[in-house]
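Biologist: I would like to learn how to read a model like this one, feature by feature. Could we take it slowly, with the general idea and then the case at hand?

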Amino acid sequence: LYFKPVSQVRTGKNSWPELLGTNGDHAASVIERENSRVDAMVILDGTPVTGDFRCDRVRVRVDRNRIVVQVPTTG
């Protein structure tokens, strides 16, 4: 079994600091438009999540008003 190093798997944008403070649903659509290799999921900040790293996942953490509270990054 062979796995590519993360550096070879990652392509496209992987961090979106400009989306901090914006609407989470809008942020998720921007992320998926700018990097078609990731799935963006909007989650309430503080929700328990798995600790595994995935290059094809972006968690968009929002507050109760659905405002992005952390810079979305791949992982």
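Modeller: Happily, and please keep in mind that this is a predicted model. Let us begin with β2, where Arg57, Arg59 and Arg61 point one way and Val58, Val60 and Val62 point the other way.

Biologist: Are those β2 residues buried or exposed?

Modeller: Both sets are buried. Indeed, six of the six residues of β2 are buried, which makes the strand mostly covered. Arg57, for instance, has a relative accessible area of 5%.

Biologist: Which strand does β2 pair with, and in what sense?

Modeller: The partner is β1, residues 39-44, and the two strands pair in the parallel sense over six bridges. To find your place in the ladder, look for Asp39, which stands opposite Arg57 in β2.

Biologist: How does that fit into the chain as a whole?

Modeller: The protein chain has two helices and two strands, and along the sequence they follow the pattern α-α-β-β. Of its 75 residues, 28% count as buried. The chain exposes about 4900 Å², and carbon and sulfur atoms supply 51% of that area.

Biologist: How should I read a helix that has a covered side?

Modeller: Start with the geometry: an α-helix has 3.6 residues a turn, so residues three or four places apart point the same way. Now the case here: in α2, the buried residues are Gly24, Ala27, Ala28, Val30 and Ile31. They cover an arc of only 165° around the axis, so they lie on the same side of α2.

Biologist: What do the buried residues of α2 pack against?

Modeller: They pack against β1 and β2. Ala28 gives you a close-up: leaving aside residues up to four places away in sequence, Ala28 touches Ala40, Val42 and Val60.

Biologist: And how do I read a nonpolar core?

Modeller: The general idea is that in soluble globular proteins, nonpolar side chains tend to be buried together. In this model the largest nonpolar core has twelve residues: Trp16, Leu19, Ala27, Ala28, Val30, Ile31, Val38, Ala40, Val58, Val60, Val62 and Val68. Both α2 (24-34) and β2 (57-62) supply at least two residues of this core.

Biologist: Which element gives the most to this core?

Modeller: That is α2, with four residues.

Biologist: Let us turn to charged pairs. How many salt bridges does a search of the whole structure find?

Modeller: The search finds five. When you read one, look at the distance, then at where the two partners sit. Take Asp25 and Arg66, whose closest N and O atoms are 2.7 Å apart. Asp25 lies in helix α2 and Arg66 in the segment after β2, so the pair ties together parts that are 41 residues apart in sequence.

Biologist: How covered are Asp25 and Arg66?

Modeller: Asp25 is partly exposed, at a relative accessible area of 38%, and Arg66 is partly exposed too, at 36%.

Biologist: Is there a salt bridge with a buried partner?

Modeller: Look back at Arg57, whose side chain meets that of Asp52 in a salt bridge (3.5 Å, N to O). Arg57 is buried, whereas Asp52 is partly exposed at 39% relative accessibility.

Biologist: What about Arg54 and Asp56?

Modeller: Their side chains meet in a salt bridge as well (3.0 Å, N to O). Arg54 is partly exposed, with a relative accessible area of 37%, and Asp56 is partly exposed at 29%. Elsewhere, salt bridges that share partners join Lys13, Glu18 and Glu34 into one network.

Biologist: Where does Arg54 lie?

Modeller: Arg54 is in the loop between β1 and β2. Setting aside residues up to four places away in sequence, Arg54 touches Thr74 and Gly75. Arg54 and Val38 are 16 residues apart in sequence, and their C-alpha atoms are 9.3 Å apart in space.

Biologist: One last feature: how do I read a backbone angle?

Modeller: Most residues other than glycine have a negative phi. Here, have a look at Arg66, with a phi near 65°, a positive value in a residue other than glycine. Arg66 is the salt-bridge partner of Asp25 that we met above, placed in the segment after β2.

Terms used
Residues numbered from 1 in each chain as written. Predicted model: local features only at pLDDT ≥ 70, side-chain atom pairs only at ≥ 80, totals over all residues. Heavy atoms only, no water. Core = buried A, V, L, I, M, F, W, Y, C linked by side-chain atoms within 4.5 Å. Buried < 20%, exposed > 50% of the residue type's maximum accessible area, 1.4 Å probe, protein only. Contact = heavy atoms within 4.5 Å. Salt bridge = Lys/Arg side-chain N within 4 Å of Asp/Glu carboxyl O. Areas by Shrake-Rupley, 256 points an atom, 1.4 Å probe, with all protein chains shown as cover. Pairing = 2+ DSSP bridges. Arc of directions from axis to C-beta.
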